[in-house]
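Here is a short set of exercises to work through with the model open beside you. Each one gives a task and then a solution in steps.

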Amino acid sequence: MKLYSRDLRERELAATLYRVFPEIQHTTPPYWDQVLDGRDPNEGLDWPSRILSHVSSTVWPKHAFGTANAACLVIWHRPGKSKEMDHRAGSYLGPHTPILGGIGHVHNVRWSSLHPNPSWYNLHKFLPQALENSLVNPWSQVMLMCLNPIPDFTGKVDQIANLQTVAPGGRLDLVVSVCRPLVVLACGKPVHEALNHWSNPTNVETLLCSHPLKWNGHGGVYDGPNVVAALRAALSVSG
């Protein structure tokens with residue numbers, strides 16, 4: 001099935017045959033217009049049933065957003081918050097389900113400008129460089145999920161919650177079974193430690209890197225250019 005091809009361009013093209021959202025007659029808020037670029041999200045084929053059964057808003061994990069056939073799954077620790085902006089902590093731009101159709105999720109496409117911080121800046125600076133440069137939109141091949149969906153301050157770790165995510169049949173298994181990524185990019189020490197307990201049922205290649213905050217030459221397992229190089233090798237992207 002080309003939705004899960006090893007060729008990123010085939011994945012993106014196959015997804016464009018389907019309607020963007022899993023729900024029929026989905027109404028999009030104004031900020032989606034810039035992401036959809038004039039496309040009617042309700043036009044196209046129905047989603048394959050084996051994907052559709054896993055992505056209802058009651059089943060799909062919160063703070064996992066991107067495309068349902070993403071070749072690259074990026075795992076962050078948890079949504080952050082600050083003392084100055086508690087009322088905005090963990091704010092969610094919806095929809096609460098992944099998308100198809102080769103159009104990047106609004107979180108990935110616009111979140112760096114809507115919620116500017118060094119982590120999102122570095123993600124936007126480096127990650128697209130690692131994906132096939134002939135894609136219509138590099139974010140069409142990215143799913144971003146938080147290991148722990150509960151927002152909290154930077155550095156606060158809930159090991160029980162993290163282990164629940166990586167347990168058999170947990171949130172990570174669900175996301176991997178839907179997207180069938182070719183590579184998982186694990187960002188930061190809490191994520192690395194949790195993945196030591198993950199059974200990795202599809203044997204997807206996993207790359208360990210520092211938090212994106214450190215991708216800009218501040219140290220870590222990989223800095224930004226090395227993240228790009230490692231992902232390009234794992235995804236068999238040339239050039």
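**Exercise 1. Find the residue just after α9 that takes a positive phi, then describe how the helix is covered.**

Step 1. In this predicted model, the residue to pick is S236, which has a positive phi of about 55° just after α9.

Step 2. Now go back into the helix itself, which spans residues 224-234. Its buried residues are G224, V227, V228, A230, L231, R232 and A234.

Step 3. A general rule helps in reading such a list: an α-helix has 3.6 residues a turn, so residues three or four places apart point the same way.

Step 4. Next, look for what lies over these residues. The cover of the buried residues of α9 includes β2, α5, β4 and β5.

**Exercise 2. Work out the strand order of the open sheet and say which strands stand at the edges.**

Step 1. Five strands make up the open sheet, and reading across gives β1-β3-β2-β4-β5. The pairing is mixed.

Step 2. The edges belong to β1 (64-66) and β5 (205-209). Each has a single partner strand, so one side of each is left without a neighbour in the sheet.

Step 3. For the twist, ignore direction: neighbouring strands are turned by 20° against each other on average.

**Exercise 3. Describe the partners of β2 and the cover on its faces.**

Step 1. β2 pairs with β3 in the parallel sense over five bridges. It also pairs in the parallel sense with β4 (residues 183-187), here over four bridges.

Step 2. V74 is a handy marker for both pairings. It stands opposite L144 in β3 and opposite L185 in β4.

Step 3. Check burial next: five of the five residues of β2 are buried. C72, V74 and W76 are on one side, L73 and I75 on the other, and both faces are covered.

Step 4. Add the helix that crosses here. α5 lies across β1, β2, β3 (142-146) and β4, and runs at about 160° to β2.

**Exercise 4. Which residues touch the most other members of the largest nonpolar core, and which element gives the most to it?**

Step 1. The largest nonpolar core has 32 residues, and W60, L73, I75 and L172 touch the most other members.

Step 2. At least two residues each come from α1, β2, β3, α7 (171-179), β4 and α8 (189-195). The most come from α7, with six residues.

Step 3. Take L172 as a probe. Leaving out residues up to four places away in sequence, L172 touches L73, I75, M145, T165, V166, L195 and W198.

Step 4. Another core, of 31 residues, lies apart from the largest one; among its residues are L123, F126, V227 and L231.

**Exercise 5. How many aromatic pairs are there, and what geometry do the F21–W32 and W76–W120 pairs have?**

Step 1. The count is three aromatic pairs. F21 and W32 form one that is edge-to-face, at 5.3 Å centre to centre with 80° between the planes. The cut-off to apply is that planes over 60 degrees apart count as edge-to-face.

Step 2. Both F21 and W32 sit in the loop between α1 (8-15) and α2 (33-36), eleven residues apart. F21 is buried, with a relative accessible area of 0%, and W32 is buried at 1%.

Step 3. W76 and W120 are also edge-to-face, at 5.0 Å centre to centre and 65° between the planes. W76 belongs to strand β2 (residues 72-76) and W120 to helix α5 (residues 118-130), so this pair ties together parts 44 residues apart in sequence.

Step 4. Finish with burial: W76 counts as buried at 7% relative accessibility, and W120 does at 5%.

**Exercise 6. What sits over the ring of Y4?**

Step 1. The charged end of R180 does, 4.1 Å from the centre of the Y4 ring.

Notes
Residues are numbered from 1 along each chain as its sequence is written. This is a predicted model: local features need pLDDT of at least 70, side-chain atom pairs count only at pLDDT 80 or more; totals for chains, interfaces and linings use all residues. Side-chain values use heavy atoms; hydrogens and water are left out. Rings of Phe, Tyr and Trp (its six-membered ring) pair if their centres lie within 6.5 Å; planes under 30 degrees apart count as stacked, over 60 as edge-to-face and the rest as tilted. Buried means under 20% relative accessible area, exposed over 50%, partly exposed in between (1.4 Å probe, protein chains only). A charge sits over a ring if NZ of Lys or CZ of Arg is within 6 Å of the ring centre and within 35 degrees of the ring normal. Two strands pair if DSSP finds at least two bridges between them. Axes are lines fitted to C-alpha atoms, for helices over the stretch in contact, and angles run from 0 to 180 degrees between N-to-C directions. Contact means heavy atoms within 4.5 Å. A nonpolar core is a set of buried Ala, Val, Leu, Ile, Met, Phe, Trp, Tyr and Cys residues joined through side-chain atoms within 4.5 Å.
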